[in-house]
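Thanks for sending this one over. Here are my notes on how the pieces fit together, for you to follow alongside the coordinates.

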Amino acid sequence: MAIELWTYNTPNGRKVSVALEEMGLPYSVRVVDITKNEQFNPEFLAFAPNNRIPAIRDPEGPGGQPIAVFESGAILLYLAEKTGTFLPADPRARVPVLEWLMWQMGGFGPMPGQVHHFLMQPDGPAKEYGLARYHGETKRLYGVLDRRLAGREYVATEGGPSVADFAILGWAWRHERHQVPFDGLPNVAAWYDRMMARPAVQRGFEVPMS
Ligand SMILES: N[C@@H](CCC(=O)N[C@@H](CS)C(=O)NCC(=O)O)C(=O)O
């Protein structure tokens, strides 16, 4: 039975559709229109208590019983473990995937998200301060990613991507919106093109979500 993906057309939402496509799992999209505050609907809050997309409901969870998962990082790990894909079983090889997934969840998402917020504010000192802080931090994070990708095809694994790549890609997809051109980030640019050339990734970004 298909997994329900409750989501909207945003970086955090796209991470999960990309992963589902890459894993070949059947799923249906349930649009939660966050521009209309649908994330506060009781039906959604019942299994997504933080009123943020994405969340999933899997009718065939562990033990064949239904399960719901919220928080995109937890969803990616759940799906990777369910399918035995995109997350190495070897504990040593798994560590960098967890490191870079947490790096994304803790920084390379919250920081560009603040840039998106401050860009929409009226001109003035608050906007100036917010952008100086969060755009600066976002650019620093892109620099960290570029150095990590030197001599590597994927962020945390060899021979193919992991869920860490899917998580980071969701936000890099919005690099123009948070005003970080890839000039001067050659390794990020090459990785981005490599990831975006994957047919499943393309399907994950194209599936209607709004
Ligand atoms: N840490 C959460 C963040 C989710 C998140 O911030 N989702 C945004 C869209 S990208 C949202 O639902 N915003 C609705 C709101 O702010 O009320 C995750 O990765 O799942």
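1. Threonine 7 has valine 31 of strand 2 as its bridge partner. That pair belongs to the pairing of strand 1 (residues 3-7) with strand 2 (residues 27-31), where the two strands run parallel and are joined by five bridges. Between them the chain passes through helix 1 (residues 11-23), giving a β-α-β crossover that is right-handed. Please keep in mind that this is a predicted model.

2. How are the strands ordered in the sheet? The order is 2-1-3-4, in an open sheet of four strands with mixed pairing. Strand 2 and strand 4 (67-70) sit at the edges, each pairing on one side only. From one strand to the next, the twist averages 20 degrees.

3. The antiparallel part of the sheet includes strand 3 (residues 55-58) and strand 4, which share four bridges. Here arginine 57 is found opposite alanine 68 of strand 4. As a general reminder, strands of a sheet pair through backbone hydrogen bonds, in either the parallel or the antiparallel sense.

4. Now for the helices that meet the sheet. Helix 1 packs on it and touches strand 1, strand 2 and strand 3; the direction of helix 1 makes about 155 degrees with that of strand 1. Helix 3 (residues 72-83) lies across strand 1, strand 3 and strand 4, and runs at about 135 degrees to strand 4.

5. Next, have a look at helix 4 (residues 91-106) and helix 6 (residues 125-148), whose axes come within 12 Å and cross at roughly 160 degrees. The two helices are therefore roughly antiparallel, as the angle is over 145 degrees. Their crossing is left-handed. Helix 4 contributes Pro96, Trp100 and Trp103 to the contact, while helix 6 contributes Leu141, Val144, Leu145 and Arg148. Sorted by class, that contact has six nonpolar residues, one charged and no polar.

6. Which way does helix 7 (residues 163-172) pack against helix 8 (residues 186-196)? The angle is about 105 degrees, and the axes are 11 Å apart. This makes helix 7 roughly perpendicular to helix 8, because angles of 65 to 115 degrees fall in that class. On the helix 7 side, the contact is made by Asp165, Phe166, Ile168, Leu169 and Ala172; on the helix 8 side, by Trp191, Tyr192, Met195 and Met196. Eight residues of this contact are nonpolar and one is charged, with no polar residues.

Methods:
Residues numbered from 1 in each chain as written. Predicted model: local features only at pLDDT ≥ 70, side-chain atom pairs only at ≥ 80, totals over all residues. Heavy atoms only, no water. Axes fitted to C-alpha atoms, helices over the stretch in contact; angles between N-to-C directions. Parallel < 35°, antiparallel > 145°, perpendicular 65-115°, else oblique. Left-handed = near helix turned anticlockwise from the far one by under 90°. Contact = heavy atoms within 4.5 Å. Nonpolar A, V, L, I, M, F, W, Y, C, P; charged D, E, K, R; others polar. Pairing = 2+ DSSP bridges. Right-handed = clockwise from strand over helix to strand, strands pointing away.
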